[in-house]
Structure formats: structure tokens, C-alpha cells
Amino acid sequence: MKTSEIRSKFLDFFGRHDHVVKKSFSLIPQDDPTLLFTSAGMAPFKPYFLGLKKDIKRASTCQKCFRTTDIENVGYTARHHTFFEMLGNFSFGDYFKKEAIAMAWEFITKELNMPKDRIYITYHNSDLETRDIWHNEMGVPLDHLKMLGDKDNFWTIGIGPSGPCSEIYIDQGPSVGCGKPDCAPGCDCARFLEFWNLVFTQYDRHEDGSLSPLERKNIDTGMGLERLAAIMQGKLDNYENDLFQGIVKEVEDLTGHHFNDDTKTRTALKVVSDHIRALSFAIADGALPGNEGRGYVLRKILRRASRFGYSYLGQDKPFLNKIVPTVAKIMDHYPEVKENQEHIIRIISSEEERFLQTLKTGSDMLSEYIESLKHDKKTVLSGEKAFLLHDTYGFPLDLTKEICMENSMTVDEKAFNVELEKQRERGRANVVSAYVNFAAINPADYPETKFTGYETMADKAKVLDIVENEGKTLVITDVTPFYGESGGQVGDKGVIKSGEAEFVVNNTEKTEGVFMHFGSFKTDKRFAKGDQVEMLVDVKTRKATMRNHTATHLLQKALQEIVGSHVKQAGSYVSPERLRFDFTHFESIPADVLEKIENRVNEEVLEALPVHTDVKSYDEAIKTGAMALFGEKYGDVVRIVNVGDYSKEFCGGTHIGNSSEIGLFTIVSEASAAAGVRRIEAVTGAVALEKLHELKHFERDIAKTLDCDLNSSLTKAEKLMADTKELRHEIEKLRKSEAKGKIESIKNNAKEINGSALYLGQTDGMSVDEMKEMADELVANSKVPAVVLLAAGGEKANFVLKVAADLVKKGVHAGKLIKEVAKVAQGGGGGRPDMASAGGKDPSKIGEALQVGEKLISEQL
């Protein structure tokens, strides 16, 4: 039975049993930015299990899943995967054990026609009810029912919903078993294979470990499709089922290696086949390789697949991208891979190409380390060497560990982490604060500062402390309207006043809830600790910063609309002068697309959208669809900034009251910020207007230089370019004609020596490349083996020497000869036996150098 048929049978079966059949949810959890990937069929239904949603009572899916727990085992076993499909049926306070067991039994024995005598069941030692249902109502013999404990048959996440589970096994036969007389489900051998887990969520576990019955009981079942397909197709290895075999075959055809060649090849083919599926689906759903979070996981498995291809399948050039079309074709139940095929290929190709450069250098060096350890009969690679590979050559620790494991060795990770921390300390030591190091300040010595800057830019406060260090000063108050640098937004500037005393704030920072105002006293008179002061933010710079911050939110939304939903914030910087937004994307954005993005933002500016904030619990905020920054740690209560209905983001920064206050938004530049990360810089308001004025002045200056009016400048420039191109073409023709003349002159003065030809010539005005081209032509067209020595003068002397292949075989070496020739002109050089070039400081010695060259070459010929 084909995998596609099994998938259809399962969904159709539960559809007939009144389940709402949902298509697979994304691998990227849409409602929880703290999760890396969807790793189980039940994950997207959390709101239903928790009773937060109640529109569905029972559901069924074939869910795309991605697990990161056992990546290192993938390839070495028959059943480990990163990406897999999970069949599941779920009840949210509707049916329970009896119905769940009955439907499971009916599906496997009637729909799949599994032989009943090969089916075994496990149940929890406290759950005799489940045993009785299986035995009394399904007719499963007692000797096919096995009682197990918490480790195998109790599901829990700690405190909260939990319950016993019942697992269904298939007996694969004694030939794959351990041979022990007590071998049964739960044994570590391969004979009894678990393929379906029925979880009965019926308890609430408390902090003391006690259990109380849940008012609303749920059913959560999960069955791996790859494993079930292997069972139905009589295979002991998931990678031999029909879905995987099509991908494995494609890898075999690409590499010329085969599944049954040997163990290492088999492992490599499994790794590549599994990881390319995972990469294709994750990228199709919006993930991208990167250095953090899910991006790091994708980069890790891509590099792992590439490394196995390089080490065991002979692939020293990018090849993973070539498998993507096969994945799209075979996994056609999920159209998203086909729909995003070109995007997936482009990303994988770019990432693998960069990594292979690192891999070649790092692999060679690690091989040397391993050989040295073997010679010394040691089995632990030092942390220092592992760190050198990581730090200097970009070779990931994960790969170092895996390669060492393949050679029965380990890595001293403790020492590696020591070296890593030393590097971080060096990095921290190199960061010099603009406001001197106030290391003696302990934020814990002060109460948290009350921030009023969302509501006002002027407030009264009490001075809690004034600290001076080397002429620099910081002021701490109990209240402040000054925004402390955080979330990419710079700190506020302004003044703190008390009577005639005035303190100029150059920057504001926030540490552990305490705001620190850095600057200096403008007057001789000073306020003191305990004094009441006026806190006055510089309104002009704060408003400019607010314009840029709100524009950043509009920019992110526009990027997601126009460039793609995979765009995620990777960093930002917001100041009064400009905004910078880093985002995940794998290629430069064309000018016409940047223009669309710019227009989209300005459309929302002109819509005069009201900007308002909400403060909600984290869970409530997520339900509203607000964008959260992946990997960011949020508290129980979060602030949401809404720009009309267009943009909704978690944000603690300051913003304008209406999008129209941005005035004008214009993109200044777009460039690469890091691998897989692009950066847009933009300006708003008065700064954007200044940019427009600069552009107008520039256009006027161009028109003036071209001696035409503004509207004719493009036409005039195009005509000048065409004329210049024509002139260059004519000059090139003249140069070629001149070169032909020089070639003829050199040919006419050729010297014949022992059946070979020597061509000498001075070709002033020619570049080294042009001389090489001429030398190639002279040797190629010579009737006898030839040597060509050319020289050109100018600011310095240049020499080119070409030797025919037949003469190289006789020992004539261009690189050695030209070194001696260049010495005459106070220079040096070298090269291959057949072609070499050199330079000299004294072009007046060219004639003498040619004579020396003629003598040396004649002697060798």
C-alpha cells in the first residue's frame, strides 16, 4: 500500500467518523514565537485542548512535523527523522477512551488489514480500564496486552494536563529480535515496533505530584506516517518506503553512489534524503538558515547534509538544491514545496556554496588533528583545537563532534567553552563606552525608575544620585520622561534643570529598570542628591526618533507583503537622523521592488492612520495576531503598538500619534548585513526632505555640467555615452591594428636557435594582460616550438615570458627565467613553467633586461 493511499485512508476514515479534517498547519508556529517548529500533531490545537477555543469538538490531520532532539542520530538508524508526517485524531472534551480505542482498532484491522495476531498493545499500570476495553471489547488476547510504567505509558508536561497512554505495536518477527525469552513490547530490540500512541488526557498534575481528574477530558493520538508506510510495505527501514526511495534514487543518480554499497554510503544517503525534505518544507513555510533559533537548526542540518555529501558521496560542489524538484514532485500532497521551489533552490544553493569553502579547509585541518591523535593513541580532541576550527575557519562545533564520533573520538567541550568565553571577554574589553565605565554603579541599589515618556516629554523628579567619573557625569532620578536606549531605539537627549543649575543629557540608558542620564553640567551651579528637578526631553530629536520608529513598523509590514512572509526582523536601529532595519532575506532587492516598498509605506503615511498602544497579557497579545520578535524574552504583560489596522507589533519604544506625522519616507540604501540578512536604511520627515533637496541640487549640477536644461540631461548623457562608446570602439580598432604591426615586427626579428624560435619585443603602452594575449598568439602560430619575451615601459617596467609546451618538457622554465630578467630592472616576479610575468622599478633598464633575457634563453635552447 502506497504512502499516499495510507494518508488518504486515515483522513477519510476519521472524516466519516465526524472529525473535522484539517490540512496540515505550517511548520512555523503561527501563534507562539517562542516555539521553534511544530513538532507534533496536537501542537496547533493547543487552544482547543486548553478550552480557549470551542468551535470544534473532534479533528484529524496529517501534520508536517520537525523535531530537533535527535539530529545526530539521523542516518544511523532506521527510523530517526528531522521532518516527518504525523497522522492524528483529537477529541476536545468529546469522546474518550472507549471510542478512541475502537476507532484505532477498526482502522488498523479493517482499513489497513493488519493481521491481528501480530498486533500488541501496552497500557499504563494504573489504567486497567484501558486494558479491559482492549481485551473485552476489541478482543485482544491478554498475552498481547503488556502493562508498563510511567516511563513508557504516562504522558505529562510536568504541572498541568497529563494522563496515561496506550501504545500499539507490530511484531516484526523473531529474526530482528534479541532472542530473549521475555522479549515483548518495551524491549530495546527491533522486534516489537510501536507505531501509534493514544494519549488519554484525564488528569491535572499539581506541584506536589498529585493528580486530580480533569473536568474536560481530551484525546490526542499520533502515528508516524513514514513508520506506518514501512510496516505496510514490509520494510524494516523507513528509508526504504516508497516516499523516501524516490528521493534516495535521485541522490544515487546525482552522486553515483548506491544505498547498498556500504554502511557509510547508506548513512550518507539517509542523511541527505532526510535533511533535504526538512529543508524544503521549512523554507517553503517561511524559515531561513541563520545563526539563531530555527535559522540555526536549518543551517545545522544543511551543513550536516553537505558534509556527508562531501565526505562520503564525493560532492565538492553544491548539489543539495538539485534534489528539491524531486522532493516537490514526490511530496505533492503539500503544494507549498512546488509553489516555492525556485525560492528554496536559491536559498539552499547559496548557503551550501558558502559552507563548502569552509568545509574544505576545516575538514583538511581536522583530519590532520585526528591522524595526530591516532598516532599518539589518544581519543579526545582538545577544546583549543576545536575552538581554532570554529573561530578561525568557521567550522561548526557540531560537525567537529560528529566527525570525531565517526572516528571513535570526543571533543573536550568544557575547554572549548572556556576558549569561547575568553573570546567574549576580549570582545567586551574592546568595547569603549562613550560615557566612561561607571562600573561601580549597581542598579540593584536603586528603585526602578518610573518612566513617563509615553505620555509626556517634560516631568518633575527627585534626584536619587549623581555619579562623576573622569569629568563625566550621570544622574539617576525617581521619575523620568527620557527614553532609555533599548529595543534598537537610541536614548533621549535633553536637559535636567533646577533653578539656575542645568545638566545637559547627551544619552539615556536603562539597566535593570533603572534609567541613567549621561552628560555634563552646563553651568557652575549644580543641583544635588535629593533635589527636585525638571526633566525636559529634547522635543525635536525625540519626535524625529518617533517618526523613524513608527516608519520601521510600516516598513516591516510592507516587506512582508511585497518581498514575502519569510521576512522577519533580524535587528534594528532607530535614531533622530535615520532608521536601519535588518531582515531575513537571501538576495538583494531590485530597485523597482524597493520603489514598491517605499510607495507602500508612503500610502499608509498618507492614510493618516491613528497610532495607539494596548497593554495585554502575553497570551492575549499573541491571539490578536501581533508580531513578536522570535527569540526575544517577553514578560507576562506586553505592550502592543498598532498603526491603524495595518501594523501590529510588540514594542516598548516611543511612537507618533498618527502615521501622517511621518511626513515622507524614503529608502536611502539596501545592502547585505550578514549571510541571509539584508539591511535597509531610510529617512523620514525633515531629513527625507533634505535628501530630496540634495537630489534636486545634484540634478541641476549634472545639467550644468552637460550644458543643457534639466529635462534634457538624460538625453544628453545618453548621447555622450554613445559617442564615448563609439570612440572607444575606434580606439580599440587602432590598438589592435597597432598590436598586429608589433606582432609582425617581432616575427620579422625572430631568432632561430637549435630548431626553436625566440621572439623578443618591447611593447610600450600595452598592459600585462595584452602582452600575455600577444605572447599566446605568437607561440600558437609559430611553426616551431617558441619562447616569447615581451617588455613594456611606463611608470615601471613590465615583463611577460611564454614558453611552448615542448620546450617546458625540455626544462625551460618561464618563472625562473623571468625572475633573472626582472632583476636587471630592479624588480622581481615568477610564475608557471609555461607562463610568467614580472615587474621592475626602473623602466630605463628594459633594453638591457631584454638582452640578458635573450642570452639566458639562448643558453637553455
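Colleague: How should I read the surroundings of D18, and is this residue buried or exposed?

Modeller: D18 is exposed, with a relative accessible area of 61%, where buried means under 20%, exposed over 50% and partly exposed in between, computed with a 1.4 Å probe on protein chains only. This is a predicted model, in which local features need pLDDT of at least 70 and side-chain atom pairs count only at pLDDT 80 or more, while totals for chains, interfaces and linings use all residues. Residues are numbered from 1 along each chain as its sequence is written, and side-chain values use heavy atoms, with hydrogens and water left out.

Colleague: Where does D18 lie, and what is its phi?

Modeller: D18 lies in the loop between α1 (3–16) and β1 (20–22); helices (H or I, at least four residues) and strands (E, at least two) are DSSP runs, numbered from the N terminus. The phi of D18 is near 65°, a positive value in a residue other than glycine. N113, in the loop between α3 (97–111) and β4 (119–124), also has a positive phi, near 55°, and is not a glycine. At 57% relative accessibility, N113 counts as exposed.

Colleague: Which residues of helix α6 are buried?

Modeller: Helix α6, residues 225–232, is mostly covered, with seven of its eight residues buried. These buried residues are L225, E226, L228, A229, A230, I231 and M232. Just after α6 comes G234, which takes a positive phi of about 70°.

Colleague: E226 is in that list of buried residues, so to speak a charged name among nonpolar ones; with which side chain does E226 meet in a salt bridge?

Modeller: The general idea is that side chains of opposite charge can pair when their charged atoms come close. The criterion here is a side-chain nitrogen of Lys or Arg within 4 Å of a carboxyl oxygen of Asp or Glu, and the structure holds 44 salt bridges. In one of them E226 meets R277, at 2.9 Å from N to O. The pair links distant parts of the chain, with E226 in helix α6 and R277 in helix α8 (residues 263–284), 51 residues apart. Both partners, E226 and R277, are buried.

Colleague: How many residues apart are R354 and E351 in helix α12?

Modeller: They are three residues apart in helix α12 (residues 341–375), and therefore about one helical turn separates R354 from E351. Their side chains meet in a salt bridge at 3.0 Å, N to O. R354 is partly exposed at 35% relative accessible area, whereas E351, at 2%, counts as buried. A second pair, E820 and K823, forms a salt bridge whose closest N and O atoms are 3.4 Å apart. E820 and K823 are likewise three residues apart, in helix α23 (residues 814–824), with about one helical turn between them. Elsewhere, salt bridges that share partners join D237, E240, R266 and K270 into one network.

Colleague: How many disulfides does the structure hold?

Modeller: A disulfide is taken as a pair of cysteine sulfur atoms within 2.5 Å, and the structure holds zero of them. The sulfur of C62 is 8.5 Å from the closest cysteine sulfur, in C65, which is too far for a bond. C62 counts as buried, at 3% relative accessibility. C187 is in no disulfide either, the nearest cysteine sulfur, that of C189, being 3.7 Å away. With a relative accessible area of 27%, C187 is partly exposed.

Colleague: Where is I662 found, and how far in space is I662 from L606?

Modeller: I662 is found in the loop between β24 (647–650) and β25 (665–674), and with 0% relative accessibility it counts as buried. I662 and L606 are 56 residues apart in sequence and 9.1 Å apart in space, C-alpha to C-alpha.

Colleague: Which residues form the nonpolar patch on the surface?

Modeller: Patches are made of residues with over 30% relative accessible area and no salt bridge, like charges being joined within 9 Å and nonpolar side chains (Val, Leu, Ile, Met, Phe, Trp, Tyr) within 5 Å. L689, L692, L695, F698 and I702 form the nonpolar patch, with about 440 Å² of accessible area together, the areas coming from the Shrake-Rupley method with a 1.4 Å probe and, for residues, only the protein chains shown counting as cover. I702 lies in helix α19 (residues 685–706) and is partly exposed, at 32% relative accessibility.
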